[in-house]
Amino acid sequence: MKQNTDERRRKIDEMRERFAPLRDYMAQHRKETLELMRRRHAYYTKLITDAEIKTAEEFYERYSEQFLMYGIELKLSDNKKWCSIHLELEDYGYEDYGVEDGKDDTLAEVSPEVSFKDMFNNVEVNIFTGEEL
C-alpha cells in the first residue's frame, strides 16, 4: 500500500515539473494582460476626467463615433446608466469595460471589473486586485 502511495506521489511530482514552464507562461501572460488592462482603464478614466463627463450617456454620445473608427464598440444600456466598451482582440480574445454614471453629481467612473478571454476561459476580474469574480 505504501509503495502505491509513494509511486503516485512521484508521478504527481513529475507531472508538476513537466508542466511548470506552462504554468509560468500562463502566470506571466495574465500579469501582462492585467497591466495592459490597467493602462486602458487609465486612458478611459482620463477621457472622462478631461471632458468632465458625469454620465454613461454623455460618454457614449461623446465617444461612440471616435471609438467606432478604431473598431471599438460602445453600447449604452436601456436605462442609460451604463456604457459598455467592447474590444475584439486577436485569437478570438475580447475585453469588456464598463462606464457608469457618477454618484451625487461626480464624474462618471470606469469599473475595475473587466470581462475577458484568458487563454481558453472567459473570466471576469478586478484588474487592480487580480481577483476573479
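**Exercise 1. Surface and overall form**

How much area does the protein chain expose, and what share of it do carbon and sulfur atoms supply?

*Solution.* The structure is a predicted model, in which local features need pLDDT of at least 70 and side-chain atom pairs count only at pLDDT 80 or more, while totals for chains, interfaces and linings use all residues. Residues are numbered from 1 along each chain as its sequence is written, and side-chain values use heavy atoms, with hydrogens and water left out.

Step 1. The exposed area of the protein chain is about 9,700 Å², of which carbon and sulfur atoms supply 50% (Shrake-Rupley method with a 1.4 Å probe; for residues, only the protein chains shown count as cover).

Step 2. The radius of gyration of the protein chain is 21 Å, whereas a compact globule of 133 residues would have one near 14 Å (taken over C-alpha atoms; the globule rule is 2.2 Å times the number of residues to the power 0.38).

Step 3. Along the principal axes, the C-alpha atoms fill a box of roughly 70 × 30 × 25 Å.

Step 4. Buried residues make up 30% of the 133 (buried means under 20% relative accessible area, exposed over 50%, partly exposed in between; 1.4 Å probe, protein chains only).

**Exercise 2. Elements and charges**

State the order of the elements in the protein chain, then locate the two sets of charges relative to each other.

*Solution.* Step 1. There are 2 helices and 6 strands (DSSP runs numbered from the N terminus: helices are H or I with at least four residues, strands E with at least two).

Step 2. Read from the N terminus, the order is α-α-β-β-β-β-β-β.

Step 3. The protein chain carries 21 positive and 31 negative side chains, and the centres of these sets are 8 Å apart (Lys and Arg count as positive, Asp and Glu as negative; His and the chain ends are not counted; the charge is placed at NZ of Lys, CZ of Arg, CG of Asp or CD of Glu).

**Exercise 3. T33 and K117**

Describe the surroundings of T33 and of K117.

*Solution.* Step 1. T33 belongs to helix 1 (residues 2–51) and is buried, at a relative accessible area of 15%.

Step 2. A polar atom of the T33 side chain lies 2.9 Å from the backbone oxygen of H29 (a polar contact is a pair of N or O atoms within 3.5 Å; within protein, one must be able to donate a hydrogen and the other to accept it, and residues adjacent in sequence count only if both atoms are side-chain atoms).

Step 3. From T33 to D118 the C-alpha distance is 8.5 Å, across 85 residues of sequence.

Step 4. K117 sits in strand 5 (residues 113–118) and is partly exposed, at 31% relative accessibility.

Step 5. Leaving aside residues up to four places away in sequence, K117 touches Y92, G93, Y94 and N122 (contact means heavy atoms within 4.5 Å).

**Exercise 4. Positive phi**

Compare the settings of E52 and K80.

*Solution.* Step 1. Most residues other than glycine have a negative phi.

Step 2. E52, not a glycine, has a positive phi of about 55°; E52 lies in the loop between helix 1 and helix 2 (56–69) and is exposed, at 58%.

Step 3. K80, not a glycine, has a positive phi of about 65°; K80 lies in the loop between strand 1 (72–76) and strand 2 (82–88) and is partly exposed, at 41%.
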